[in-house]
There are 2 protein chains.
Amino acid sequence: MKNFDFHNPTRLVFGEGTIENIGQYVKEYGDKKVLLLYGKGSIKRNGVYDTVVKSLKEAGIDYVEMSGVKPNPVLSKVRETVLLMKKEKVDAIVAVGGGSVLDTSKISAAAYYYDGDPWDFYEKKVKPERALPIYGVLTISATGSEMNSGGVITNEEEKKKWGWGSKYTYPRLSIVDPSVQKTLPKNQTVNGAVDTITHVLEEYFDGTKGTLMQDEFSEGIIRTTMVSVKKLIEDPEDYEARANLAWAATLALNGLNGLGRRGDWASHGIEHSVSAYYDIAHAEGLAMVMPAWMKHVYKEDVDKFARFGEKIFGIMEEDKEKAAVMAIEAYKRFLQEIGAPVSLSERNIGDEHLRAMAKNAMLRGPIGGLKKLHEEDVYEILKLAL
Amino acid sequence: MKNFDFHNPTRLVFGEGTIENIGQYVKEYGDKKVLLLYGKGSIKRNGVYDTVVKSLKEAGIDYVEMSGVKPNPVLSKVRETVLLMKKEKVDAIVAVGGGSVLDTSKISAAAYYYDGDPWDFYEKKVKPERALPIYGVLTISATGSEMNSGGVITNEEEKKKWGWGSKYTYPRLSIVDPSVQKTLPKNQTVNGAVDTITHVLEEYFDGTKGTLMQDEFSEGIIRTTMVSVKKLIEDPEDYEARANLAWAATLALNGLNGLGRRGDWASHGIEHSVSAYYDIAHAEGLAMVMPAWMKHVYKEDVDKFARFGEKIFGIMEEDKEKAAVMAIEAYKRFLQEIGAPVSLSERNIGDEHLRAMAKNAMLRGPIGGLKKLHEEDVYEILKLAL
């Protein structure tokens, strides 16, 4: 186990009926005028928008709106958001939506205090010294962004889909009400589950030894997610399954699962390059890329892949090498069972940009922790994913 | 799953060699003069005292000392500590030791800003509005006090051993260096493991339904603790086992495990009454009381006890009632295997004060979540524990 330094200051309010208190929470912390940031309108259909607006009004919180944040959120929207916030002089952001809205809020909160372009933070040209407070209201459990400091933004012009975060960009408070997720379409529920499991696996398969507590934690999150997503495919209104999936998704990326590990994150790196070229859902990209990544790297840690097979799929094969291969196949089958795509071709992606995507994944240098991946490795993985 | 509101602001620094930075951390947060609080001198034997003092001096932090905090920490020592802090006008407390020292630091930190008697907080006559910052340096993993807001203090005169905490008494930062625990005697390592497992079980067996994620988390902590303590009995210097046990102990009671549950805590309540009458180690009391509590209450949730048997001990018995009984026996056997006492008689406790202890457990009303326990229940449980 590696040494670690953990500090997650986000307050998490969880459960049915909690969103109606958002105004009170903002008031409790003394903020008077907020930016109400959201996506493309699903919160108007599921009633969350009305609940939030009513609550803000009742608490006497002034607000201005910015809508239209899209999945795989983009830099141009961040710039627009920051301009509006500067003009309106808000005290805080109320980010209502999924990971895209939360991710947009984080860079915007930091850029509020910066005169240059927000992308400078991603390029590490500048470091934040403060950020506006963020209040999250989560409407889809997937990215864990409600309880961490990170955000992924796509710079459309430069085809860069990168992650960034700072200790100032943890949401001050996030509300997770699983009951508002009852109306999500099946594919979004499935995507949330795949995102959750992938976050866990990016830390689980990193080669660090002596992390039994973390491994147990990881496996618990994965099993909970698998059981819950299957229940939700049967019955999207199952509150307990929604609640367990939601809590698993938050735990998967609030920092705990990665403690004492170095992490790998190569599959995310590769997926970001794929979705810099193709407008696919992030989780779909992960479902396509990760099994291919597994096949490419499993020999670096056969025992861990065998353990994964045993603890998650009950594979008791004694030959570790065989067990590892069986585990990867079982994971792929699970993804297929829940309706996730496991090859690029399922989203009509052919081999035309493989080389460019492989190069794109190297923009910030080689990636990966379990195995350091260079352009050729990524190219091979993408071919395996075809 | 029940709704919850979680906010744990403690920063946790974990790993070998981290204690030598304590002075820098205190300085980073701007504190200049601290109370150095510790126990009966084990930190002088294992070198931690020297490391802390050297680090404070190098960082230019002024300090005064208060030593002599004993296991099952007492109110008289809290009073003495608060008097010294008021006289010396310290900015913060550096609490070096185990749960007793940390627990003493919490009530002292709050009482620093209060003119009356510290016990008033425990009696709920007064609520804190602030507290001195606490920096923890943990030397034995057991209570989880390094990353929560609570503390148990014994009022010797009134024979009350009670818990208390507030949102102001989370340590600002705690350092956990598992390597300093290599020199702990076997019984203290075992006690830490029993304390950890009991904390988990007090939330696990509470009757709340729909908590799969929490159950998986609980079971992971328990299995990790069981594996690690057995390794440490074989080899007390096994760093990875120390690290896993330490991290499990922190996770067991930093709040996460109890989220979405109501909790039970009856075994703690009963143990507190036992150790208000007999000077036994807290964990020994828990090892004696909890299996008896299990026997008394398991029919309230046979399925959960059967699940416990399956997930922890691999018991696959189909008859749930039988499986539950087998699980309780297996848990008792595990405690015996690691050398924990499982009956009061093993610590020369007879039936002379059973009634008085049962009454004592009722001082703040009936206890328990899975089953509400009245005086007669506690009396029966104590008889079962004989």
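Colleague: Let's start inside chain B: what is the bridge partner of B:V34 in β5(B)?

Modeller: Bear in mind that this is a predicted model. Strand β3 (residues 33–38) of chain B and strand β5 (residues 92–97) of chain B pair in the parallel sense, over five bridges. Within that pairing, the residue in β5(B) that partners B:V34 is B:A92.

Colleague: Which strands stand at the edges of the sheet that holds those two?

Modeller: That open sheet has seven strands with mixed pairing, in the order β1(A)-β2(B)-β9(B)-β6(B)-β5(B)-β3(B)-β4(B). Neighbouring strands are turned by 15° against each other on average, direction ignored. An edge strand here pairs on one side only, and that holds for β1 of chain A and β4 (62–66) of chain B.

Colleague: How many bridges join β1 of chain A to β2(B)?

Modeller: Strand β1 covers residues 4–6 of chain A, and it runs antiparallel to β2(B). As an example of the register, A:D5 stands opposite B:V13. The number of bridges joining these strands is three.

Colleague: Turning to the helices on that sheet, at about what angle does α4 of chain B run to β4(B)?

Modeller: Helix α3 (residues 48–58) of chain B lies across β3, β4, β5 and β6 (134–138) of chain B, at about 180° to β3(B). Helix α4 (residues 75–88) of chain B lies across β3, β4 and β5 of chain B. The angle between α4 and β4(B) is about 155°.

Colleague: Which residue takes a positive phi in the hairpin of β7(B) and β8(B)?

Modeller: Strands β7 (residues 150–155) and β8 (residues 160–165) of chain B run antiparallel and are joined by six bridges. One of the pairings sets B:T154 against B:K161. The hairpin has four residues between the strands, and the one with a positive phi, near 50°, is B:K159.

Colleague: In the sheet that ends with β1(B), why is one side of each edge strand left without a neighbour?

Modeller: This is an open sheet of seven strands with mixed pairing, ordered β4(A)-β3(A)-β5(A)-β6(A)-β9(A)-β2(A)-β1(B). The twist averages 15° from one strand to the next. At the edges stand β4 (62–66) of chain A and β1 of chain B, and one side of each lacks a neighbour in the sheet because each has a single partner strand.

Colleague: Which residue in β9(A) does A:L138 stand opposite?

Modeller: Strand β6 (residues 134–138) of chain A runs parallel to strand β9 (residues 173–176) of chain A, with four bridges joining them. Opposite A:L138 in β9(A) stands A:V176.

Colleague: And at about what angle to β5(A) does helix α5 of chain A run?

Modeller: Two helices of chain A can be taken together here. Helix α4 (residues 75–88) of chain A touches β3 (33–37), β4 and β5 (92–97) of chain A, and its direction makes about 155° with that of β4(A). Helix α5 (residues 99–111) of chain A packs on the sheet against β3, β5 and β6 of chain A. Its angle to β5(A) is about 165°.

Colleague: Now the interface: about how much area do chain B and chain A bury between them?

Modeller: In terms of residues, 40 of chain B are in contact with 40 of chain A. Of the buried area, 57% is on carbon and sulfur atoms. The total is about 3300 Å².

Colleague: How many salt bridges are there between chain B and chain A?

Modeller: One to look at is A:E216 with B:R223, whose closest N and O atoms are 2.7 Å apart. The interface also has 20 residue pairs in polar contact. For salt bridges between the two chains, the count is four.

Colleague: Which element gives the most to the side of chain B that touches chain A?

Modeller: By class, this side has 21 nonpolar, 12 polar and seven charged residues. Elements giving two or more residues to it are β1 (4–6), β2 (11–14), α8 (212–234) and α9 (239–252) of chain B. The most, 10 residues, comes from α8(B).

Colleague: Last one: how many residues apart are A:R11 and A:E28?

Modeller: The two form a salt bridge, with closest N and O atoms 3.0 Å apart. The whole structure has 52 salt bridges over all chains. A:R11 lies in strand β2 (residues 11–14) and A:E28 in helix α1 (residues 22–28) of chain A, a separation of 17 residues.

Key. Residues numbered from 1 in each chain as written. Chains lettered and ligands numbered in written order. Predicted model: local features only at pLDDT ≥ 70, side-chain atom pairs only at ≥ 80, totals over all residues. Heavy atoms only, no water. Contact = heavy atoms within 4.5 Å. Buried area = accessible area lost by both parts, 1.4 Å probe. Salt bridge = Lys/Arg side-chain N within 4 Å of Asp/Glu carboxyl O. Polar contact = N/O pair within 3.5 Å; in protein donor to acceptor, adjacent residues only side chain to side chain. Nonpolar A, V, L, I, M, F, W, Y, C, P; charged D, E, K, R; others polar. Pairing = 2+ DSSP bridges. Axes fitted to C-alpha atoms, helices over the stretch in contact; angles between N-to-C directions.
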